[in-house]
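Dear colleague,

Please find below the structure for your consideration. The findings follow directly after it.

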Amino acid sequence: MNPIEDLPLILEAEQLVPLLGHEDLLIVDLCNPRLYNQSHVPGAIHVAPQSMVSGVQPAAGKLPPIEQLEQMLANIGYSEDKHIVVYDDEGGGWAGRFIWTLDVIGHKKCSYLNGGAHVWLKENHPTESTINRPEPTQINIQIDDSVLASKDFIINSLEDPDTVIWDARSAGEYRGEKVFSQRAGHIPGAVNLEWTLAMDHERNLRIRSDIADILEQLGITRDKNVITHCQSHHRSGFTYLVGKSLGFSIRAYDGSWSEWGNLPDTPIEV
């Protein structure tokens, strides 16, 4: 039996250690490049988070052109038969964004290293400092928009009682007290739970074991269609991942508040 098959979406460090070096495993590091150069999971390939976003203002976090995604994936030696394990050094924002990107291209075999570099380094798992540069691959991807929410999709969902919007920004941004766009506030009806509140700060930023109960108290449940966003779909990469891990029907709004809050006619609550 291939030990790579049937790996869970949320992968613990102890589960990854015996699999290091397996030919069907592709480990992606989204940490600060200085940290990667010093110490990383053996075999991990560094990816710059900027390669996953369009960079076009004002909504710089939007999905980039397909050619940019293909180049990024080619550079890491991507192939559709590999199981991809992703981690970062911030508790899951960029790692979650990467897993959302894999969902966008229809790649199903992936895992998040729970807690990322915080768990791996602080709990003394094996490391290396080798800069891994794989042979580039030739790939051709297609976009699956079932995990994407556009501005129009959200506007058409605002009156739907079966849809809930998870705003992953800070409470100050949600209330309109911290302003990073032309307009402040939140999407009407959106529920706020800041992304870092879904992390267990006593356990090296692993996903909280009680996060399903916390979300249920907020009305974010498996029977709802969930849409998550932040300012640029970086923080909401993590909340998307959390929702996916709980079996939610979930989409991410990649335009996020940097699009919604910079448009003159989108509905806003304060």
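Is Asn 124 buried or exposed? Asn 124 is exposed, because its relative accessible area is 69%. Here buried stands for under 20% relative accessible area, exposed for over 50%, and partly exposed for what lies in between (1.4 Å probe, protein chains only). The areas come from the Shrake-Rupley method with a 1.4 Å probe, and for residues only the protein chains shown count as cover.

On provenance, this is a predicted model, in which local features need pLDDT of at least 70 and side-chain atom pairs count only at pLDDT 80 or more, while totals for chains, interfaces and linings use all residues. Residues are numbered from 1 along each chain as its sequence is written, and side-chain values use heavy atoms, with hydrogens and water left out.

Backbone features

Asn 124 has a phi near 65°, a positive value in a residue other than glycine. Asn 124 belongs to the loop between H5 and H6. Helices (H or I, at least four residues) and strands (E, at least two) are DSSP runs, numbered from the N terminus.

Ser 256 is not a glycine either, yet its phi is positive, at about 50°. Ser 256 sits in helix H10 (residues 256-260) and is buried, with a relative accessible area of 0%.

Two glycines that come after helices also have positive phi. Gly 77, just after H3, has a phi of about 75°, and Gly 247, which follows H9, has one near 80°. In addition, the peptide bond from Gln 57 to Pro 58 is cis, with omega near 5°. Pro 58 is placed in the loop between strand E3 (45-46) and H3.

Helices H3, H4 and H9

In helix H3 (residues 66-75), the buried residues are Leu 69, Glu 70, Met 72, Leu 73 and Ala 74. They pack against helix H4 (93-104), where contact means heavy atoms within 4.5 Å.

Helix H4 also holds Trp 94, a buried residue with a relative accessible area of 16%. Apart from neighbours within four places in sequence, Trp 94 is in contact with Leu 30, Pro 49, Met 52, Val 53, Asp 88 and His 234. The C-alpha atoms of Trp 94 and Glu 80 are separated by 21 Å, and the two residues are 14 residues apart along the chain.

Helix H9 (residues 235-245) is largely enclosed by the rest of the structure, because 9 of its 11 residues are buried. They are Arg 235, Ser 236, Gly 237, Phe 238, Thr 239, Tyr 240, Leu 241, Val 242 and Gly 243.

Salt bridges

A salt bridge is defined as a side-chain nitrogen of Lys or Arg within 4 Å of a carboxyl oxygen of Asp or Glu. By this rule there are 10 salt bridges.

One of them joins the side chains of Asp 103 and Lys 244 (3.2 Å, N to O). Asp 103 lies in helix H4 and Lys 244 in helix H9, so this pair ties together parts that are 141 residues apart in sequence. Asp 103 counts as buried at 5% relative accessibility, whereas Lys 244 counts as partly exposed at 28%.

Glu 123 and Arg 206 also meet through their side chains in a salt bridge (2.8 Å, N to O). Glu 123 is in the loop between helix H5 (116-122) and helix H6 (151-157) and Arg 206 in strand E9 (residues 206-207), so the pair ties together parts 83 residues apart in sequence. At 27% relative accessibility Glu 123 is partly exposed, while Arg 206 is buried at 7%. These two residues and Glu 12 are linked in a network of salt bridges.

A further salt bridge brings together the side chains of Asp 200 and Arg 203 (4.0 Å, N to O). Asp 200 is buried, with a relative accessible area of 16%, and Arg 203 is partly exposed at 39%.

Surface charge

Asp 162, Asp 213, Glu 216 and Asp 223 form a patch of negative charge on the surface. Patches are made of residues with over 30% relative accessible area and no salt bridge, and like charges are joined within 9 Å, nonpolar side chains (Val, Leu, Ile, Met, Phe, Trp, Tyr) within 5 Å. Lys and Arg count as positive and Asp and Glu as negative, with His and the chain ends not counted. The place of a charge is taken as NZ of Lys, CZ of Arg, CG of Asp or CD of Glu. Within this patch, Glu 216 is located in helix H8 (residues 211-217) and is exposed, with a relative accessible area of 53%.

Yours faithfully
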